[in-house]
Amino acid sequence: MRRHDQTTPMSDCSLLEIRGLNLDFGTPRGRVHALRNVSLDVPAGRVVGIVGESGSGKSTLAYTVMGLLPENAEVTDGSILFEGRDLLTLSSQARRGLMGDRLSMIFQDPMTALNPVRTIENQMIDIQHHEQRSRSDKRARAIDMLKRVGIPDPQSRITNHPHQFSGGMRQRICIAMALLVKPALLIADEPTTALDATLEVQIIHLLKDLQREIGCSILFVSHHLGVVAELCDHVAVMYAGEVVEQGAVRDIFHNPAHPYTRALLECDPGRIRQRTRNLPTIPGEVPSLLGNKKGCIFRPRCPHAFDRCVQETPVVYSVGADQVARCHLLDRPRMVAA
Ligand code: ATP
Ligand code: SF4
Ligand code: MG
């Protein structure tokens with residue numbers, strides 16, 4: 001296996017390039033190292049999924065790109081290049097200029113993005129504030145987008161308030177609002193997790209159609225591996241604040257190289273053909289992120305751990321043309337030599 005200096009496999013013509021990102025949360029118990037040396041690319045016009053167990057840092061990564069971090073968060077190292085500019089060093093005014101124009105976000109709970117006391121019409125017109133168009137033109141575009149996302153009778157429903165819609169409809173409205181501005185990058189943090197399975201499938205197909213039509217990129221956070229396989233071109237697997245493996249969806253799903261990715265795939269209900277009362281889970285618990293860690297972070301749960309995993313943090317190795325993973329097992333020539 002080839003040792004990789006560049007910690008991501010897809011660095012050509014990237015819209016978003018995250019390099020060596022480290023982030024801590026200050027807590028009364030000490031510093032929580034929530035992102036550790038994260039590198040990830042989102043190429044233009046592609047959909048990149050982020051998967052991993054609860055607490056692995058998926059939302060923290062998404063919110064860091066959006067600049068929506070709580071006060072106790074501190075980026076200690078790294079860069080986030082978006083269209084060639086480092087988002088971490090931009091002035092707050094320049095960053096606000098990008099939000100809702102080049103960058104938009106869909107949240108798990110649609111009410112995070114919608115204002116309960118304003119009509120959908122006013123909110124959809126306001127979000128187009130970057131556009132030099134008349135109000136009636138903006139209203140017509142909003143109605144058209146509501147139609148595209150499947151809101152029935154959008155001409156009259158646009159005058160309603162958010163509470164007059166069901167949860168699934170509200171999520172469709174959020175997608176309409178996020179895409180109305182034709183962003184270059186849409187960040188979606190578990191946008192379908194609160195919906196039932198049928199609605200989830202509908203929303204995923206809708207996102208896919210609109211992404212192709214608009215030509216934007218999507219960074220899509222999900223617990224649901226089936227949804228990621230359906231929607232995404234690339235996938236990054238996160239564990240305890242690290243990206244442990246990333247690559248093309250077909251490679252990661254058919255030829256996972258990291259023991260954690262393999263364990264995650266084995267636990268995916270979509271892959272389990274036998275009917276069973278208890279779904280399998282990965283043995284052991286996600287480790288505490290407090291304090292400095294030595295060796296491989298997955299070691300306490302890894303069935304393949306060996307001496308080197310205790311002492312040394314694995315670097316990133318190329319597995320194939322479009323796949324990289326952080327595991328000492330991939331350093332085969334060195335193991336033979338040792
Ligand atoms: P989930 O799948 O449950 O949404 P996640 O992968 O999105 O999980 P994050 O919410 O990013 O995980 O959390 C990553 C780690 O950072 C967790 O250990 C979490 O407890 C911690 N964390 C998140 N926000 C804060 C905060 N404001 N202060 C302290 N620790 C935090
Ligand atoms: Fe397992 Fe060692 Fe690979 Fe970590 S480096 S995933 S402990 S074999
Ligand atoms: Mg989350």
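The following dialogue examines the pockets, cavities, ligand shell and aromatic pairs of a predicted model.

The model is predicted, with local features requiring pLDDT of at least 70, side-chain atom pairs pLDDT 80 or more, and totals for chains, interfaces and linings using all residues. Residues are numbered from 1 along each chain as its sequence is written, chains are lettered from A and ligands numbered from 1 in the order written, and side-chain values use heavy atoms, without hydrogens and water.

Trainee: What volume does the largest pocket have?

Mentor: A pocket is an open set of points on a 1 Å grid over the protein atoms alone, with protein on both sides within 12 Å along at least five of seven lines; a cavity is a set where a 1.4 Å probe fits but cannot get out, and lining residues have an atom within 4 Å of a point. Points are joined across faces, edges and corners, and the volume is the space filled by probe spheres set on them. For the largest pocket this is about 430 Å³.

Trainee: Which residues lie nearest the centre of the largest pocket?

Mentor: The lining draws at least three residues from each of domain 1 (14-102 + 186-200 + 211-271 + 280-290) and domain 2 (114-182), bounds that come from an automatic or database assignment. Of its 18 residues, those nearest the centre are G100, M105, A113, I127 and M177.

Trainee: Where does ligand 2 sit?

Mentor: The search of the whole structure finds 3 cavities of 30 Å³ or more, and the largest has a volume of about 80 Å³. Around ligand 2 there are 13 residues, the closest being C296, C302, C309, C327 and H328, where near means a heavy atom within 4 Å. With sitting defined as more than half of the atoms lying within 2 Å of the grid points, ligand 2 sits in the largest cavity.

Trainee: What angle lies between the planes of Y63 and F107?

Mentor: Rings of Phe, Tyr and Trp (its six-membered ring) pair with centres within 6.5 Å; planes under 30 degrees apart are stacked, over 60 edge-to-face and the rest tilted. Y63 and F107 form a tilted pair, 6.1 Å centre to centre, and the angle is 55°.
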